[in-house]
Amino acid sequence: MSSKNHTAAIFIDYKKAFDVIDHKLLLDKLSKIGIQGPTLKLFESYLSNRKFAVMINDELSELFDVTAGVPQGSILGPKLFPILRFCKILMFADDIVILYSHSNFNTCNSILQADFNILVEWSHDNCLYINMKKTVCMHFCIKSMRGQNKLNLICHDYECLHNFHTSCNCKCISQVSSCVYLGLHVDEDFSWKNHVNHLVSKLRTVVREMTFARSKLTYSAKRIVYHSIAHSHLNYGITAWGSANLTPLLDI
C-alpha cells in the first residue's frame, strides 16, 4: 500500500476440511515426501481401525468404520497444500488466504485467478471442497485508488477447469470490505474500525459482569476474572491492531 500497489486476496473456507481427509491419499503423500518404514506404519495405525456411532434420543446406532478424516483434536491436518506459482499462501490449519500484489490491478486480478484455479483443481483431487458461502475476496489499496476497480474472481468448478471452458456460469467470489480471519476483523484499509468496535461491544458486557462481581470477590479473584474474560480479548492480535486511531474507544 505504501508503494501504491493493489493487493487482491481470497479468504478460502473448506467444507469440513479435517473430516474429509482421505486416509489413503494422506498416507501416499507422507510416503512421497520420505516418511517410510515404521514411521509410516505408525501413521497408518493411528488412522486405521477407528469406528463411530450416532446417538439420537438415547438410541445408539451400530458401529461404522471411519474411512476419512483425522481424529478430533489431532494436529495431523491437511498440511500438504500446493506450492502456487506466483501468489503468497498463508495457512493456519484449514484457514487459508492466497494473495498477490502488483502495481497493475488487472495483472493482480488475473494472476490471483490463475493460482486460485490451481488450488481448486488440487482441492478436488484431494477430496476437499470449497465452501462458496464463506469464501470471499478483498482488495487492499490506498483510499484514492479504492472504488475505481472491482475484483472479478470466479470459483470455477472442476469440470469447467478440466474441459478448458471459455465461458461458464460458475459463481463469482463475493468481494467484501471486511472479513474475520483468525479472530481478527480485517478491513480493506487496515483501519481496524470493525475490530475495535467488536472489542468495545464485547468488553461492555465484561464491564457489567465485573461491576456486579467486584463487591463479592477478593482482589486476586478479580484479577483472575479480568485476565480470563477481558485481558485475553484485548491482548489477542494487538501487535496488528494496537496502533489503530480508534483505540481511545477502548480506553473509555
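Two strands count as paired if DSSP finds at least two bridges between them, and with that in mind the tour of this predicted model can begin at a pair of strands.

Select residues 178-181, which make up strand E12, and then add residues 184-187, which make up strand E13. The two strands run antiparallel and are joined by 4 bridges, and together they form a hairpin with 2 residues between them. In the turn, pick out Leu-182, whose phi is positive at about 55°.

Stay on E12 and show its side chains. In a regular strand the side chains alternate between the two faces of the sheet. Here Cys-179 and Tyr-181 point to one face and are buried, whereas Ser-178 and Val-180 point to the other face and are not buried. From Cys-179 you can step across to Val-186, its bridge partner in E13.

Next, select Phe-140, Phe-190 and Trp-192, which form one aromatic cluster. The structure holds 4 aromatic pairs, and one of them is formed by Phe-190 and Trp-192, a tilted pair with 6.1 Å from centre to centre and 55° between the planes. Within this pair, Phe-190 is partly exposed, with a relative accessible area of 39%, while Trp-192 is buried, with a relative accessible area of 8%.

Finally, turn to the surface and select Phe-52, Val-54, Ile-56 and Phe-64, which form a nonpolar patch with about 360 Å² of accessible area together. Among them, Ile-56 lies in strand E3, residues 55-56, and Ile-56 counts as exposed because its relative accessible area is 56%, where exposed means over 50%.

Methods:
Residues are numbered from 1 along each chain as its sequence is written. This is a predicted model: local features need pLDDT of at least 70, side-chain atom pairs count only at pLDDT 80 or more; totals for chains, interfaces and linings use all residues. Side-chain values use heavy atoms; hydrogens and water are left out. Buried means under 20% relative accessible area, exposed over 50%, partly exposed in between (1.4 Å probe, protein chains only). Rings of Phe, Tyr and Trp (its six-membered ring) pair if their centres lie within 6.5 Å; planes under 30 degrees apart count as stacked, over 60 as edge-to-face and the rest as tilted. Patches are made of residues with over 30% relative accessible area and no salt bridge: like charges are joined within 9 Å, nonpolar side chains (Val, Leu, Ile, Met, Phe, Trp, Tyr) within 5 Å. Accessible areas come from the Shrake-Rupley method with a 1.4 Å probe; for residues, only the protein chains shown count as cover. A salt bridge is a side-chain nitrogen of Lys or Arg within 4 Å of a carboxyl oxygen of Asp or Glu.
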